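This report walks through the architecture of a single protein chain, from its strands and sheets to its helices and its nonpolar interior. The structure under discussion is shown here.

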Amino acid sequence: MMDEAGLARRLWIKFKDDSVFALYTPFFVGLASATLDSHTFRHFVAQDLHFLKAFAQAYELAEDCADDDDDKAGIRALRKRVLQRLQLHDKLIRDWGIEVPDEGVSNDAATKYTDFLLATASGKVEGGRVPGKIATPFEKTKLAAYTLAAVAPFMRLYAYISNKIQGILDPDDNSHIYKRWIDSFSSKDFEATALQNEEMLDKLSVSLTGEELEILEKLYHQAMKLEVDFIINSGLPIPHKDVVPLSRVHDFTDCHLTILCDFDLACTTFDSSAILAEIAIRTVPKAETYGSETQLVRLSSADLKSTWDILSTQYTEEFEQCVETILTSEKVEGFHYEDLCSALEQLAEFERQANERVVQSGVLKGLNLDDIKRAGQALILQDGCRSFFQKIVKYENLKSDVHVLSYCWCSDLIVSAFSSGDLNALSVHSNELAYDESVTTGEIIKKLESPMEKLQAFTGILKGPCRSSEDEHKQLTVYIGGSVGDFLCLLQADIGIVIGSSSCLRRLGDHFGVSFVPLFSGLVKRQRQLAADEEGSSQWKPLSGTLYTVSSWAEIHAFILVDYIQDIKDDREEERSTA
C-alpha cells in the first residue's frame, strides 16, 4: 500500500471523488455487469496502445531530466514495464478472449490526455519554467516529478476501479466476458507498477517548493479529469439500455424528478442541535443585554454547557434503549413494512418527550436570529453536497424540485446554510424556533418529530396542492438520508439512498427484512436485469425493501447527473469559497 504520508497518497485522497464519476459511467457499469457492447470495449482497449506509447515517451523524457542515478534507474524500470506491456498488448487481448482491435487513430478524449502528458514531459507546464540548455539539474528534476504526477492518476484510477468491480463479482464465476481485463488491472503486478510510479513521484517531489508543489497538484488533478473524460466518452448513455446516469436514461419529458433529503448528518458533518448549543453557550453575555430575568441568562457558559451535555446524554441513552426494546421482538422473515411502522411508533413518543425536555430546560431561550443565520451561513456541508444541489436546480431539460425534511429545531438555520450558491429554490420542512421580535423564547414550533410525521410531509409534497392523482404517477422520487427518522421516507421513495453509517438504522432494517445494497453494486445488478429484458427491470418502485448505500455525495451526483467535465472542474474550490 502507499505510504499515507506520501504526496501521491495525499493527492489521490484529495481527488478520489473524481474517480467516482468514472466508476458510475455506462461504460464501467456495463463492463461490470458483462453487458457492455463488445465493439465499445474493443474501441476502448484499442486506445491502450496510444496511452502506452505516450507513457513510454514521457518516461524517456523524465529519465533524461532526472539528476540522480538511482532516480534514472527507477524511471527506466517504469519505462521497461510499459514497453513490455506494449509488446504483449495483442497477446493480452487474445488471452482476455477478445478479438484484437485495429490500432486506428486515437479518439479526441484520449488525444487530449496524451497531448497533455507529452506537453508536460516536454516542459510545457503552465506556471512553470521550461528547461533549456542552461537549466540546472534541480530545474530538470522537478520536470521529471511533474511528468510522473501526470501519469500517476491514470494508473491509480484503473487499479481502483478494477478492484471495486472485482469486489462485487463472484470469484468462482469464470463466464464473465470481461473477467480477464478486470483481473489484469486488479492484479498485484499492475498494483506494483502504480505503486512504483507513486513512490518515484514522492521521491522526486521532496525538494520542490510550495509553489512548485501547487503546480504539481494541478497537473495531477488535470490528468485525473482528462482520464475521467476519456472514460465518460467511451460509452455514452443510451435510454432504455443503460441505468446511469438517471437524468439521461430516464424519460423526464413527461415526468418530474423530486429529490428529498434529510439535513443533520446527511448534508452536515455535525448535528444541528450541537450547533444551536454552541450559539447558546457562546452568546450568553449577549442574551443578558436583552434584559431577561430568567435563570438561564444568569447561568455561566460552563453551567449552560453542562445542561446541554445532560440533555444530549439522556437523549442518546434513551434512544438506544428504545431501539434495543424494538429489537427484542421476534425477527421477521422477509420485508415487513407494516411491522416496521408499528415499531417506529415507540420512537415517535420518545422524540416528543425529548423535545419537550429541551423546551422545559429553557436552553433554547435568548438566541438571536442574526447569530443563528450567521452560524447557518458558516456551516460547512459535506463534500459535494452543495455542488450537487446547485447542479440539480440549474440542470436544463430536467423538471425537478428539491426538499429538505428535518427534525432540526430551527428552519432558519437550514435556510441560511443553503442561502449561498443560488439554492433559495430548496424548500425546507422542519421545526421552527419561536421568537419575541428577533430573540428566541425557548419554545419549539413542532412540525416534524417522528418518522410518521416525516412521511406525512413526504406524502404531502408528492401530492402537492396543485397536483392531480395522475401527476403523482408521473414523478420519480429520490430520498437521501441516514437516520432512523428517515426510514419510512427512504422506503416509500422510488429510490432510497442511505448516506452515512447509522448502526441503529442498519440493525432495525435487518430486523424487519430491509436490504442495504451498495449503490454501484445495485446498479450493476439492474443493468444485468435490463439487458436480460426482465419485466419491470427499468422501473424504480417504492416499498421494494431495498435501500442503496453510498459513502459520499459524489456517488449520488454521478448516479443522477452527467455533467462532470462541463461543470465539476471547479466545484471543490467553489464550495470552499462559499462555505
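Two strands are taken to pair if DSSP finds at least two bridges between them. By that criterion strand β1 (residues 256-261) and strand β3 (residues 400-405) are paired in the parallel sense, with five bridges between them. The model is a predicted one, and the values that follow are computed from its atoms.

**Overall composition**

The protein has 579 residues, of which 54% are buried, and its secondary structure comprises 28 helices and 10 strands. Among contacts with a separation of 6 or more, 77% are between residues 24 or more positions apart.

**The seven-stranded sheet**

β1 and β3 belong to an open sheet of seven strands, with parallel pairing and the order β4-β3-β1-β7-β8-β10-β9. Its edges are formed by β4 (427-429) and β9 (515-518), each of which pairs on one side only. On average, neighbouring strands of this sheet are turned by 25° against each other, direction ignored. Helix α24 (residues 503-511) packs on the sheet, where it touches β8 (495-499), β9 and β10 (546-550), and the direction of α24 makes about 125° with that of β9.

Besides its pairing with β3, β1 is joined to strand β7 (residues 475-481) by six bridges, the two running parallel, while β3 is joined to β4 by three bridges, again with the strands parallel. Residues that stand opposite one another in these pairings, or are bridge partners, are listed below.

| Residue | Partner |
|---|---|
| Threonine 258 | Aspartate 401 in β3 |
| Isoleucine 259 | Valine 402 in β3 |
| Cysteine 261 | Isoleucine 480 in β7 |
| Valine 404 | Valine 428 in β4 |

How many of the six residues of β1 are buried? Five are, so β1 is largely enclosed by the rest of the structure. For β3, likewise, five of the six residues are buried, so this strand too is largely enclosed by the rest of the structure.

**The three-stranded sheet**

There is also an open sheet of three strands, in which the pairing is antiparallel and the order is β2-β6-β5. Because β2 (365-368) and β5 (432-436) stand at the edges with a single partner strand each, one side of each is left without a neighbour in the sheet. The average turn between neighbouring strands in this sheet is 55°, direction ignored. Two bridges connect β2 with strand β6 (residues 439-445), and these strands run antiparallel; within this pairing, lysine 365 stands opposite threonine 441 in β6. Helix α18 (residues 369-378) packs on this sheet and touches β2, β5 and β6, its direction making about 55° with that of β2.

**Nonpolar cores**

The largest nonpolar core contains 150 residues, and the members that touch the most others are Trp181, Phe389, Phe559 and Ile560. Helix α8 (residues 137-166) contributes the most to this core, with 17 residues. When residues up to four places away in sequence are not counted, tryptophan 181 touches Phe28, Leu31, Phe41, Phe44, Val45, Trp96 and Tyr158. A second, separate core of 39 residues includes Leu260, Leu455, Leu488 and Leu508.

**The α7-α8 pair and serine 184**

The axis of helix α7 (residues 108-121) comes within 8 Å of that of α8, and the two cross at roughly 160°. Since angles over 145 degrees count as roughly antiparallel, α7 is roughly antiparallel to α8. Their crossing is left-handed. On the α7 side the contact involves Tyr113, Phe116, Leu117, Thr120 and Ala121, which meet Leu143, Tyr146, Thr147, Ala150, Val151 and Phe154 in α8.

Is serine 184, which lies in helix α9 (residues 179-185), buried or exposed? Its relative accessible area is 14%, and because buried means under 20%, serine 184 counts as buried. Leaving aside neighbours within four places in sequence, serine 184 is in contact with Arg85, Trp96 and Phe190. Of these, tryptophan 96 is 88 residues from serine 184 in sequence, whereas their C-alpha atoms are 9.0 Å apart in space. Trp96 is also among the residues touched by tryptophan 181.

Note on methods:
Residues numbered from 1 in each chain as written. Predicted model: local features only at pLDDT ≥ 70, side-chain atom pairs only at ≥ 80, totals over all residues. Heavy atoms only, no water. Helix = DSSP H or I, 4+ residues; strand = E, 2+ residues; numbered from the N terminus. Axes fitted to C-alpha atoms, helices over the stretch in contact; angles between N-to-C directions. Contact = heavy atoms within 4.5 Å. Core = buried A, V, L, I, M, F, W, Y, C linked by side-chain atoms within 4.5 Å. Buried < 20%, exposed > 50% of the residue type's maximum accessible area, 1.4 Å probe, protein only. Parallel < 35°, antiparallel > 145°, perpendicular 65-115°, else oblique. Left-handed = near helix turned anticlockwise from the far one by under 90°.
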